Amino acid sequence: MKIGFIGLGIMGAPMVRNLLEQEYTVMVNDLNKAAEEKVVGYGATAVGSLREMAEQAEAIITMLPNGAIVKSVLFEGEDALYPHLKAGQYLLDMSSLAPTDSIEINNRLSEKGVIFADAPVSGGEALAITGELSVMMGCDEVHFEKLKEAAAPMAKSIIRVGDVGAGSTVKLANQIIVNTNIAALSEAVVLAKSFNIDLDAMFEAIRNGLAGSSVMEAKFPKMIAEDYTPGGTININYKDLHNVTTTSDQEKITLPLTNMVKEMYKSEIINGNGMNDHSGVIRYIERINGKQG
């Protein structure tokens with residue numbers, strides 16, 4: 001399968017590597033030319049224009065920071081994809097967008113007969129590297145198997161959760177669960193530190209009980225080591241939570257925990273910590289308790 005891939009950040013670069021390891025042909029594009037060079041070293045081909053990508057690729061994947069950038073790449077400027085896309089091509093957006101953005105994009109692409117899926121992922125950098133991401137896909141059922149083929153080398157689980165927009169909605173639900181769990185874990189660790197608890201022993205004591213989770217497995221060791229090198233940044237997760245609260249406001253749904261965690265992330269961004277891993281939100285809990293060195 002010949003794939004075009006746009007967006008070579010923390011997640012995108014290892015996703016491309018997994019496509020290449022399954023012998024897919026991959027053409028790449030990113031504003032960051034150093035990122036392009038890195039994946040060219042894996043065996044990808046950098047294209048000079050998005051037109052070139054659209055003319056050659058059977059399927060195109062976008063993995064970009066937000067809806068505005070996805071829409072810009074698709075529809076805006078001299079090198080936008082849209083004018084060059086053809087009926088029957090597949091476009092998978094694996095970014096994390098608001099459902100309204102995904103539906104808007106699908107409506108425009110369907111005018112040309114382009115087959116679209118909103119297919120956001122969960123698992124962070126670690127599972128992007130191993131090719132074990134979870135993909136929640138919104139698409140027309142008749143096209144699911146072909147879209148799944150495009151995503152398969154990057155994922156352990158690919159589930160169609162409904163029509164276009166459903167993937168983005170499920171990703172918002174996923175982000176509520178992940179980020180409120182990280183905030184709760186942060187509070188637990190700050191409490192334990194106040195009593196000089198051995199955090200490694202605490203991790204072993206509770207990880208296999210009801211409190212245990214994938215979030216704990218991924219983030220507790222980072223908190224113990226005070227290593228906030230990003231797998232998923234506070235900036236990106238704040239954007240996701242902003243999408244959650246914007247969507248909930250539109251639907252007149254009250255989500256008090258999500259709103260509280262979003263404000264915690266905002267505080268960390270204001271304090272210059274937006275590029276930390278989202279486990280670094282523990283620094284907010286430490287700061288308000290006077291525990292931060």
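**Cores and helices in a predicted model**

In this predicted model, the largest nonpolar core has 37 residues, and Phe-5, Met-15, Val-16, Leu-92, Met-94 and Met-137 touch the most other members. Helix α1 (residues 12-21) gives the most to this core, with 5 residues.

Me: Happy to dig in! What makes the set with Ala-192 and Phe-203 a second core?
Reply: Those two belong to a separate core of 25 residues, which also includes Val-215 and Ile-285. A nonpolar core is a set joined through side-chain atoms within 4.5 Å.

Me: Which residues does Val-16 touch, leaving out those up to four places away in sequence?
Reply: Val-16 touches Phe-5, Leu-8, Val-26, Val-28, Val-39 and Ala-44.

Me: Why is Ala-35 called buried?
Reply: Its relative accessibility is 13%, and buried means under 20%. Ala-35 therefore counts as buried. The residue lies in helix α2 (residues 33-40).

Me: How far apart are Ala-35 and Leu-8 in sequence and in space?
Reply: They are 27 residues apart in sequence and 6.0 Å apart in space, C-alpha to C-alpha.

Me: How do you know what span to expect for helix α11?
Reply: The expected span is 1.5 Å times one less than the number of residues. Helix α11 (residues 234-250) has 17 residues and reaches 24 Å from its first C-alpha to its last, close to the 24 Å expected.

Me: Which helices do the buried residues of α11 pack against?
Reply: They pack against α5 (99-110), α8 (166-194) and α12 (256-270). Among the buried residues of α11 are Ile-234, Leu-241 and Val-244, and also Lys-239 and Asp-240. Just after α11, Lys-252 takes a positive phi of about 55°.

Key. Residues are numbered from 1 along each chain as its sequence is written. This is a predicted model: local features need pLDDT of at least 70, side-chain atom pairs count only at pLDDT 80 or more; totals for chains, interfaces and linings use all residues. Side-chain values use heavy atoms; hydrogens and water are left out. Helices (H or I, at least four residues) and strands (E, at least two) are DSSP runs, numbered from the N terminus. Buried means under 20% relative accessible area, exposed over 50%, partly exposed in between (1.4 Å probe, protein chains only). Contact means heavy atoms within 4.5 Å.
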